[in-house]
Amino acid sequence: MSLTDPPQVVDCSIIPVFQVPNEGDVSILNVNDEENVVSEENRRKKKKKQVSAPRPACSWVYFSREFIKEYSASHPESSGLKAATKAASDAWKLMSIEEKEKYTRRAREVWDNYLSTAPARIPKPRKQTKLVTRCSPGRLFNVLQRLTSEQKDAVKSMGFGSLLGLRCRTLRRSLCLWLLERFNTARRSLEICGERIPLSPRDVEHVMGLAARGKDVVNSGPDDLIADLRYIYNATNRGISVRLLEERLAAPEAGEDFKRSFILYALGTLLSPTARLDVSPSFLHFLINMDAVHQYNWGKFLLDRLVQEVSRFRQGKQRAVGGCLLFLQLFYYESISIEGAGSSASVAIPCLSSWGEEEITEREKRERELGGYGCGEVKSRSLYIIHAISMK
């Protein structure tokens, strides 16, 4: 191009424009880069977590693999894997146990090897922050207030007269939760205040007033023996409705039907509630003969059921805690002194009648002032044993 040539017009729209990023743009780029790096690391971690040893196959899988291979070789005209799998399924159904033993033994050997080499799974500890329980002393308290004098006499004749002195209407759930964390179900003891305090049916008798001697309570047996009772109480697989029992107890009669309904209701709401809302129909087995109810060792039954329900809860088999938690609460009040070493046990036997809402509220206040549960001293167990013997 010479100096005499006319100037050329250049189209700027086709020329790429490069901009110099400012500080704000640079920071945005850096943040995006960091996010990409983090997301990439997260994806890698997820992939690593997903990689694990595959679970061994069952005996049917080993058989089908062998059968399909042979079937495909001998039936080249078959229409693929679907037909071979169908043939394998039909053949497996016709095989005897002895014929299947070869594949069963192989699957068991592979499974045993898998269990021996796989890393042990560490269960996540259950951290309970809120207590869920069906133990409701207030519900039984309300029913007791409506009983007639004849009905109260019927309750006493069965050996449950101590429940008539129930004054506590609400559980102190924070205390119950604290006690459950320190309840050793294997040793049947509470590990509190630096000591291990064993629990026995005699303790149940002292606190709840239920007999700690007599025949064992057996809540099992042939279903046909309780078929009529299941029909009367409209028992389903879930249990016997608590509301139905409340309706039956509202009737003024004090005969055998009332006695059976009362025991079912007392067990389902206070003495031996399960994780469900309804009452266990298995209780009907020991309520066939109502004349023998007063001969049972109810103290042992209550403690056995409490240990069983707490164990099931800790194993993760149920969300709610069953058993008589009121017993644990009152046992703590009776066993731990917060007034000093010279404090003695309650004079009233059973202790159930000594703890009403006012007394419990005052006790809880003193517990908070001293710094919380477990700040007291364990009382001498001989004190309330002497009181219990003197009341016999």
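In this predicted model, Cys-324 is buried, because its relative accessible area is 0%. The cysteine sulfur closest to that of Cys-324 belongs to Cys-135, and the two sulfur atoms lie 4.9 Å apart, which is too far for a bond. A disulfide would require the sulfur atoms to be within 2.5 Å. By this rule, the number of disulfides is zero. Cys-58, by contrast with a buried residue, is partly exposed, since its relative accessible area is 42%.

Backbone angles were examined next. Most residues other than glycine have a negative phi. Cys-193 is not a glycine, yet its phi is positive, at about 55°. This cysteine is located in the loop that runs between β2 (189-192) and β3 (195-198). Cys-193 counts as partly exposed because its relative accessibility is 24%, a value that falls between the limits of 20% for buried and 50% for exposed. Asn-234 also has a positive phi, near 50°, and is likewise a residue other than glycine. The loop that holds Asn-234 lies between α9 (227-232) and α10 (242-249). With a relative accessible area of 57%, Asn-234 is exposed.

Helix α12 covers residues 298-314, 17 residues in total. At 1.5 Å a residue, a helix of this length should span 24 Å, and the C-alpha atoms at its ends are 24 Å apart, so the expected and computed values agree. Of the 17 residues in α12, 12 are buried, and the helix is therefore largely enclosed by the rest of the structure. The buried residues of α12 include the aromatic residues Trp-298, Phe-301 and Phe-313. Arg-305 and Glu-309 are also among the buried residues of this helix, and both belong to the residue types that count as charged. The cover over the buried residues of α12 includes the helices α7 (173-180), α8 (201-208), α11 (256-271) and α13 (325-335), together with the strand β1 (183-184). Just after α12, Gly-316 has a positive phi of about 80°.

Two buried loop residues were examined for their surroundings. Ser-162 is placed in the loop between α6 (149-157) and α7. Ser-162 counts as buried because its relative accessibility is 16%, and the limit for this class is under 20%. Beyond its neighbours within four places in sequence, Ser-162 makes contact with Met-208, Gly-209, Leu-210, Pro-350 and Leu-352. Ser-162 and Cys-351 are separated by 189 residues in sequence, but their C-alpha atoms are 9.5 Å apart in space. Arg-172 is also found in the loop between α6 and α7. At 15% relative accessibility, Arg-172 counts as buried. When residues up to four places away in sequence are not counted, Arg-172 touches Gln-329, Tyr-333, Glu-357, Ile-360, Thr-361 and Glu-364.

The second largest pocket has a volume of about 260 Å³. This pocket is lined by 16 residues, and those closest to its centre are Asn-237, Arg-238, Thr-274, Arg-276 and Ser-280. By residue type, the lining of the second largest pocket consists of four nonpolar, six polar and six charged residues.

Notes: Residues numbered from 1 in each chain as written. Predicted model: local features only at pLDDT ≥ 70, side-chain atom pairs only at ≥ 80, totals over all residues. Heavy atoms only, no water. Helix = DSSP H or I, 4+ residues; strand = E, 2+ residues; numbered from the N terminus. Buried < 20%, exposed > 50% of the residue type's maximum accessible area, 1.4 Å probe, protein only. Expected span 1.5 Å × (residues − 1). Contact = heavy atoms within 4.5 Å. 1 Å grid on protein atoms, 1.4 Å probe; cavity = no way out; pocket = protein on both sides within 12 Å on 5 of 7 lines; lining within 4 Å. Points joined across faces, edges and corners; volume = space filled by probe spheres on them.
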